Amino acid sequence: MDTLTHHIQGEVPLCMLFADDIVLIDETRGSVNERMEVWRQALESKGFKLSRTKTEYLECKFSDVTREEDVEVRLDSQVIPKSESFKYLGSIIQGDGEIDEDVMHSIGVGWMK
């Protein structure tokens with residue numbers, strides 16, 4: 001996959017490609033939209049399809065500054081739903097910067113063993 005997408009990948013960690021997941025990180029929703037469109041065009045031109053039903057975005061707010069309230073994240077013409085947390089490789093990342101979901105998940109996994 002890296003050989004097909006090396007020309008659109010940004011520097012780590014701003015763009016990461018996993019087995020079947022792509023993580024795009026940027027400061028604004030508008031920039032994420034632009035980068036997602038480049039990825040969509042590149043992958044779909046090679047016969048890959050991006051799932052419109054499984055794609056979601058997580059917005060992490062690191063300050064109280066609000067920007068782009070009217071900008072929607074889109075994949076092609078479809079609005080992408082916002083998630084409050086994201087789970088990947090056993091960790092949970094929360095948009096509010098807290099870690100309680102990840103801690104509770106880890107405790108639950110520990111009790112199941």
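**Exercise 1. Work out whether Glu 37 is buried, partly exposed or exposed, then find its salt-bridge partner.**

Solution. Glu 37 has a relative accessible area of 24%, so it counts as partly exposed. The cut-off helps here: buried means under 20% and exposed means over 50%. Keep in mind that this is a predicted model. Next, look for the partner: Glu 37 forms a salt bridge with Arg 40, and the closest N and O atoms are 2.6 Å apart. Now place the pair. Both Glu 37 and Arg 40 sit in helix H2 (residues 29-45), three residues apart, which is about one turn of the helix. Last, check Arg 40: its relative accessibility is 12%, so it counts as buried.

**Exercise 2. Find which parts of the chain the salt bridge between Glu 59 and Lys 82 ties together.**

Solution. Start with the distance: the closest N and O atoms of Glu 59 and Lys 82 are 3.1 Å apart. Then locate the two ends. Glu 59 is in the loop between strand S3 (57-58) and S4, while Lys 82 is in strand S6 (residues 82-83), so the pair links parts that are 23 residues apart in sequence. As for exposure, Lys 82 has a relative accessible area of 40% and is therefore partly exposed.

**Exercise 3. Describe the salt bridge of Arg 74, then list the residues joined into one network by shared partners.**

Solution. Arg 74 pairs with Glu 72, with the closest N and O atoms 2.7 Å apart. Arg 74 is partly exposed at 34%, and Glu 72 is partly exposed at 41%. On to the network: salt bridges with shared partners join Glu 37, Arg 40, Glu 44, Arg 52 and Asp 76. For the whole model, the count comes to nine salt bridges.

**Exercise 4. Say what stands out about the backbone of Asp 76, and where this residue sits.**

Solution. Asp 76 isn't a glycine, yet it has a positive phi of about 60°. You'll find Asp 76 in the loop between strand S4 (74-75) and strand S5 (78-79). Its relative accessibility is 44%, so Asp 76 counts as partly exposed.

**Exercise 5. Find the residues that make the nonpolar surface patch of about 600 Å², and place Ile 107 in its helix.**

Solution. The patch is made by Ile 99, Val 103, Met 104, Ile 107 and Trp 111. Ile 107 lies in helix H3 (residues 100-112). With 43% relative accessibility, Ile 107 counts as partly exposed. For the wider view, the chain exposes about 8400 Å², and carbon and sulfur atoms supply 55% of that.

Conventions:
Residues numbered from 1 in each chain as written. Predicted model: local features only at pLDDT ≥ 70, side-chain atom pairs only at ≥ 80, totals over all residues. Heavy atoms only, no water. Areas by Shrake-Rupley, 256 points an atom, 1.4 Å probe, with all protein chains shown as cover. Patch = residues over 30% accessible without salt bridge, like charges linked within 9 Å, V, L, I, M, F, W, Y side chains within 5 Å. Salt bridge = Lys/Arg side-chain N within 4 Å of Asp/Glu carboxyl O. Helix = DSSP H or I, 4+ residues; strand = E, 2+ residues; numbered from the N terminus. Buried < 20%, exposed > 50% of the residue type's maximum accessible area, 1.4 Å probe, protein only.
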